[in-house]
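Colleague: I should like to understand how the terms in a structural description are justified. May I ask about them one at a time?
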Amino acid sequence: MIEYERFVLENGLTLIVHKDRNTPIVSVNTLYKVGARDENPDKTGFAHLFEHLMFSGSKNVADFDTPLQRAGGQNNAFTNNDFTNYYVTLPKENLDTALWLESDRMLELGFSPEGLEVQRKVVIEEFTQRYLNQPYGELWLTLRPMAYKVHPYQWATIGKSIAHIEEATMDDVKSFYNRYYSPSNAILTIAGNVDSELILDRVNHWYGDIPSGNSVNGSYPTEAIKAEDECEVLIRDVPQGAIYMAWLMSNRREMDYYKFDLLSDVLGNGKSSRLYRKLIVEKEIFTQVSAYITGSIDQGLLVVSGMLSEGVDHNEAREAVLDQLAQLAKDPPSERELTKVKNKVLAQKALSETGALSKAMNLSYYEMLGDASAINSFQDNYMKVSAEDVQAMAKKLIERGVNELRYEKRNG
Amino acid sequence: MKREMDRTTAPAIEKVKELSVPSLEPRDQINGTPVFVVEDEAEELNKIEVVFPAGSGEELKPLLATATSSMLTEGAGEYSANQISELKDYYGAKIQTGVGKDLASVTLVCLKSNLEELIPIFVAIIQKPAFPEKEFESYKRRTKASLKVNLEKVEIICRLVFSELFFGDSKYAERFAPEDFDKIDQTDLEAFHNENYRLKDARIFISGGDVNKAIALLKQALKAGEGNVFSKAVGNFSPKQEVKFVRKDGALQSAIRVGFPAIARHNEDYPAFYIANTILGGYFGSRLMQNIREDKGYTYGIGSSINQLKDLAYVVISTQVGAKHTDATLKEIHYEVNRLRNESVPVEELELVKNYTAGGLLRSFDGTFSQASLLNTMLMHGLSQSYYEQFLKKIYAISPADILMVAQKYFDPEKFTIAIVGEGFSDND
């Protein structure tokens with residue numbers, strides 16, 4: 001049970017405080033409710049490029065990192081399709097330094113043209129390193145537009161193409177900031193061995209006078225569930241064939257989300273899963289195989305990914321996966337199998353509660369979904385899932401079209 | 001409510017004054033093996049880590065240490081590979097094996113309420129691995145395939161090229177190809193396990209919620225073993241001071257590694273050496289990062305790290321850069337190392353790095369699991385209980401002259417070993 005207090009400042013900033021008595025550091029996590037799904041289809045990769053710019057100085061502080069490091073702090077950030085998350089850890093005595101820096105870049109960013117030019121190059125190198133210069137690196141750049149025809153999940157957070165990053169202008173940057181980076185669109189969570197009265201006082205001091213800004217209620221098109229399969233083939237210089245199969249599942253707030261998640265665990269989470277035992281150990285069709293969900297807030301994907309054994313063709317691999325899914329649609333998983341995947345959820349929950357920062361991140365995340373208290377109760381939704389529910393999700397998937405991406409070896 | 005406030009001046013900061021280092025004294029022993037403990041009764045989880053001197057430095061055939069470590073969970077005692085993975089997953093536990101150059105470890109992380117069910121499996125994995133043939137064949141098939149994928153990556157190829165140049169014929173050289181798996185059989189695994197996974201040579205670390213129960217259960221299950229500290233001599237270690245370029249057609253980025261010898265933690269120059277390396281490339285604000293990423297945008301990241309092995313220490317600077325920036329990046333690395341040797345570090349920058357380092361030390365005490373892994377490091381390198389307290393004090397006392405001294409003494413471009421993997425090696429920018 002994670003205890004916390006929740007406050008909302010007059011300007012709309014949500015503050016969550018968690019007292020963790022066992023740590024010498026304090027974690028300050030700021031979640032802005034903006035991700036790649038909020039981007040203009042002609043200017044993608046922006047939420048992420050922008051995340052880089054948040055370190056290029058703000059109105060009153062030329063440089064974010066230097067004063068923080070001087071205070072013994074460390075920080076980083078990540079962007080996904082749904083939100084952007086910034087985090088700082090530092091000795092608890094120096095909490096004010098973190099609040100000073102974070103509040104100043106919420107107040108007003110520096111917008112230096114040099115900062116934009118350099119971060120543009122850095123992000124292009126990131127694009128190259130992660131997506132282009134790796135075997136199978138283009139996976140998500142290809143699979144997303146297959147699975148999503150109308151929803152902005154059709155592009156990855158890095159963007160559709162390098163050209164969008166190359167062409168980003170300062171005006172684009174400013175309007176993005178003005179729209180999304182405001183107190184009413186942010187959740188600040190502080191975890192450490194610090195009293196909430198003191199934190200509330202310091203947060204009021206540093207954030208109280210920041211203009212409220214707009215609360216953005218993004219609305220996103222619903223992706224129609226299609227019955228047809230889609231398949232694309234990439235012929236590349238890769239050492240072995242690979243297959244990625246993706247089905248549209250539910251959104252994050254539906255009960256089906258938990259059922260699909262457990263279905264993916266029964267199918268392909270770990271060495272005791274069905275795909276591993278049947279298709280790696282017994283039939284030797286794959287050398288690696290797993291099933292997982294993307295976990296996004298709007299309709300996510302359930303993905304099966306596999307690396308093909310030498311001599312196995314893609315049709316055989318595809319049929320083998322579909323066969324495992326069909327078996328689950330025919331017969332529900334055993335009670336022991338279901339208990340096993342539920343136990344995993346419980347253990348992972350305990351594991352995610354071992355550090356101040358991970359608790360702060362999770363509190364922010366659940367607050368964004370609607371209520372921070374879900375950090376203590378989300379597991380109940382998993383426990384409610386029955387074997388028949390898992391079977392029903394398998395049936396649903398079978399009726400839905402699968403988006404399939406194949407990597408084939410060149411000359412082989 | 002409007003308050004007077006000054007946003008242009010940094011708030012006052014406090015320095016890290018003390019660290020509470022967990023005890024280096026073993027809480028107990030099991031058949032002669034010391035048990036080190038970091039306890040917090042409120043925690044739901046326990047972590048048990050058993051560490052053996054069974055790293056890749058001890059292997060007589062390439063990949064043998066890795067294969068032995070990975071095969072421990074593929075059948076042991078009365079449990080088949082399937083039973084191990086099923087039971088582990090059923091209790092939501094993690095059972096992991098890992099191998100470094102010096103040490104290998106076997107780790108159990110589980111809810112403290114499941115210790116009874118899991119410790120027998122954990123002990124079987126440590127002491128009675130079966131190395132069954134069918135599972136070994138399956139392991140080889142899977143691992144060869146993923147190794148082939150890794151060998152397509154410039155950073156992995158570069159690591160191997162560097163290792164060949166730097167470690168030469170010493171026990172720390174990494175030299176392997178997927179085919180090396182074909183040269184290992186079950187007898188090799190058994191022999192490696194018998195020689196290197198002996199309880200008497202091991203250390204046990206237990207952290208988290210119910211330490212006493214974990215100790216009691218381990219005492220019941222673990223068999224005594226003969227001691228036989230088996231550790232190869234370091235061998236012929238004389239790094240080749242040369243630049244080696246390996247071509248990889250079509251690579252959009254080049255991987256670069258620049259290495260040179262470092263000093264051990266006990267050396268009196270070490271605190272200044274550590275700070276000098278941090279200034280150069282050990283944190284986000286480092287000179288290499290500021291110059292090559294933040295100023296020039298050649299890379300997504302660059303860093304310089306000190307690697308402490310049991311018998312030697314070295315620094316490695318590594319990065320991946322846009323292919324056309326390969327030459328320019330090497331020049332900038334040289335420029336920054338020379339600047340460290342020739343110019344006094346500004347007091348402001350030095351103060352920042354000292355405080356940053358102290359904050360980082362504090363972070364390594366966050367939670368019982370990280371404190372236990374800190375204990376492991378301290379014991380492996382023979383550090384005293386007061387080492388980190390003293391280290392903290394020494395760091396705060398370092399002057400710009402100290403940095404200049406260690407930079408000139410150790411950060412010597414003439415001692416660089418450089419490996420580059422990419423499509424080209426000339427600057428066409």
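Modeller: Let us begin with contact, which means heavy atoms within 4.5 Å. By that criterion, the contact takes 73 residues from chain A and 71 residues from chain B. This is a predicted model, in which local features need pLDDT of at least 70 and side-chain atom pairs count only at pLDDT 80 or more, while totals for chains, interfaces and linings use all residues. Residues are numbered from 1 along each chain as its sequence is written, chains are lettered from A and ligands numbered from 1 in the order in which they are written, and side-chain values use heavy atoms, with hydrogens and water left out.

Colleague: What is the area buried between chain A and chain B?

Modeller: Buried area is the accessible area (1.4 Å probe) that two parts lose on being put together, summed over both. For chain A and chain B the value is about 6,200 Å², and carbon and sulfur atoms give 53% of it.

Colleague: Why is the pair B:R141 and A:E284 called a salt bridge?

Modeller: The term requires a side-chain nitrogen of Lys or Arg within 4 Å of a carboxyl oxygen of Asp or Glu. In A:E284 and B:R141 the closest N and O atoms are 3.8 Å apart, so the pair satisfies the rule. A:E284 lies in the loop between α10 and β9 of chain A, and B:R141 in helix α4 (residues 133-150) of chain B, so the pair joins two chains. The rule finds seven salt bridges across this interface, and the structure holds 60 over all chains.

Colleague: How many residue pairs are in polar contact across the interface of chain A and chain B?

Modeller: There are 30 such pairs, both residues being at pLDDT 80 or more. A polar contact is a pair of N or O atoms within 3.5 Å; within protein, one must be able to donate a hydrogen and the other to accept it, and residues adjacent in sequence count only if both atoms are side-chain atoms. On the side of chain A that touches chain B, α4(A) gives the largest share, 10 residues. Helices (H or I, at least four residues) and strands (E, at least two) are DSSP runs, numbered from the N terminus.

Colleague: What makes β2 and β6 of chain A a pair?

Modeller: Two strands pair if DSSP finds at least two bridges between them. Strand β2 (residues 14-19) and strand β6 (residues 186-192) of chain A have six bridges, in the parallel sense, and therefore meet the requirement. Within this pairing, A:L15 stands opposite A:L188 in β6(A). The two strands belong to an open sheet of six with mixed pairing, in the order β1-β2-β6-β3-β5-β4 (chain A).

Colleague: Why is one side of β1 and of β4 of chain A left without a neighbour in the sheet?

Modeller: β1 (5-8) and β4 (74-79) of chain A stand at the edges and each has a single partner strand, so one side of each remains without a neighbour.

Colleague: In which sense do β8 and β11 of chain A pair?

Modeller: Strand β8 (residues 242-248) and strand β11 (residues 403-409) of chain A pair in the antiparallel sense over five bridges. In β11(A), A:Y407 is the bridge partner of A:A242. These strands lie in an open sheet of five, ordered β7-β11-β8-β10-β9 (chain A), with mixed pairing. There, β7 (230-236) and β9 of chain A stand at the edges, each with a single partner strand.
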